[in-house]
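Thanks for coming, everyone. Let me put the model up, and we'll walk through it.

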Amino acid sequence: MLRVEHIGIAVRNLEVANQLFSALLATKVYKTEEIATEQVKTAFLKTGETKIELLEATAETSVIAKFLEKKGEGIHHIAFEVENIEESMQSLTNQGFILLNEKPKKGADNKWVCFLHPKSTHGVLIELCQEIS
Ligand code: ZN
């Protein structure tokens with residue numbers, strides 16, 4: 001794991017959250033993106049070496065909608081940048097971690113991503129990500 005690439009935060013209203021986090025971090029949202037396959041809308045803010053990813057559900061069946069229903073707004077996942085996502089996935093599987101997807105999938109912000117099941121990581125949803133070159 002190279003570094004914490006971003007921290008994902010589930011929010012009910014992206015517009016409202018964008019304003020608050022822009023003020024908090026004294027920076028602007030540099031990218032908003034809708035991931036249709038995941039039923040989420042995302043916004044990214046940079047803070048030093050890492051980023052904040054705000055996530056809003058676009059459908060009731062979205063994982064973010066389910067998360068908000070269960071836990072309310074808050075930290076949804078921590079994303080670590082890796083050099084080679086397929087090697088990391090293999091190595092973590094060998095160590096007994098449970099992956100939520102068998103192959104890297106296309107995530108927000110030009111990344112290959114893979115999630116680890118929170119059951120195998122003390123309740124924390126972990127994302128691996130690698131920049132698509
Ligand atoms: Zn993420």
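Which backbone nitrogen does a side-chain oxygen of Ser62 reach at the start of H2? It is that of Ile64, and the oxygen comes to within 3.1 Å of it. Bear in mind that this is a predicted model.

Let's stay with Ser62. It sits in the loop between E4 and H2. Is Ser62 buried or exposed? Buried means under 20% relative accessible area. Ser62 has 1% relative accessibility, so it counts as buried. Its side chain has another polar partner to show you: the backbone oxygen of Gln39, at 3.0 Å. Now set aside the neighbours within four places in sequence. Ser62 is then in contact with Glu38, Gln39, Val40 and Ala57.

On to the helix itself. H2 covers residues 63–71. Which of its residues are buried? Ile64, Ala65, Phe67 and Leu68. These four span an arc of only 160° around the axis, so they lie on the same side of H2. Turn to the other side of H2, and you find Glu69 and Lys70 exposed.

What do the buried residues of H2 pack against? Four strands: E1 (3–10), E3 (40–47), E4 (50–57) and E5 (74–81). After H2 comes Gly72. Its phi is positive, near 80°.

Next, the sheet. It is open, and it has 8 strands. Reading across, the order is E2-E3-E4-E1-E5-E8-E7-E6. The pairing is mixed. Which strands stand at the edges? Strand E2, residues 31–35, and strand E6, residues 105–107. Each has a single partner strand, so one side of each has no neighbour in the sheet. As for twist, neighbouring strands of this sheet are turned by 35° against each other on average, with direction ignored.

Let me zoom in on one pair. E7 is residues 111–116, and E8 is residues 126–131. How many bridges join them? There are 6, and the two strands run antiparallel. For a concrete example, take Leu116: its bridge partner in E8 is Ile126.

One more helix before I stop. H3, residues 85–94, lies across E7 and E8. Against E8, H3 runs at about 150°.

To recap, go back to where we began. Ser62 is buried at 1% relative accessibility. Its side chain reaches the backbone oxygen of Gln39, and a side-chain oxygen of Ser62 also reaches the backbone nitrogen of Ile64 at the start of H2. Ile64 is itself one of the buried residues of H2. That's my walk-through.

Conventions
Residues are numbered from 1 along each chain as its sequence is written. This is a predicted model: local features need pLDDT of at least 70, side-chain atom pairs count only at pLDDT 80 or more; totals for chains, interfaces and linings use all residues. Side-chain values use heavy atoms; hydrogens and water are left out. Buried means under 20% relative accessible area, exposed over 50%, partly exposed in between (1.4 Å probe, protein chains only). The arc is that of the directions from the helix axis to the C-beta atoms. Contact means heavy atoms within 4.5 Å. A polar contact is a pair of N or O atoms within 3.5 Å; within protein, one must be able to donate a hydrogen and the other to accept it, and residues adjacent in sequence count only if both atoms are side-chain atoms. Two strands pair if DSSP finds at least two bridges between them. Axes are lines fitted to C-alpha atoms, for helices over the stretch in contact, and angles run from 0 to 180 degrees between N-to-C directions.
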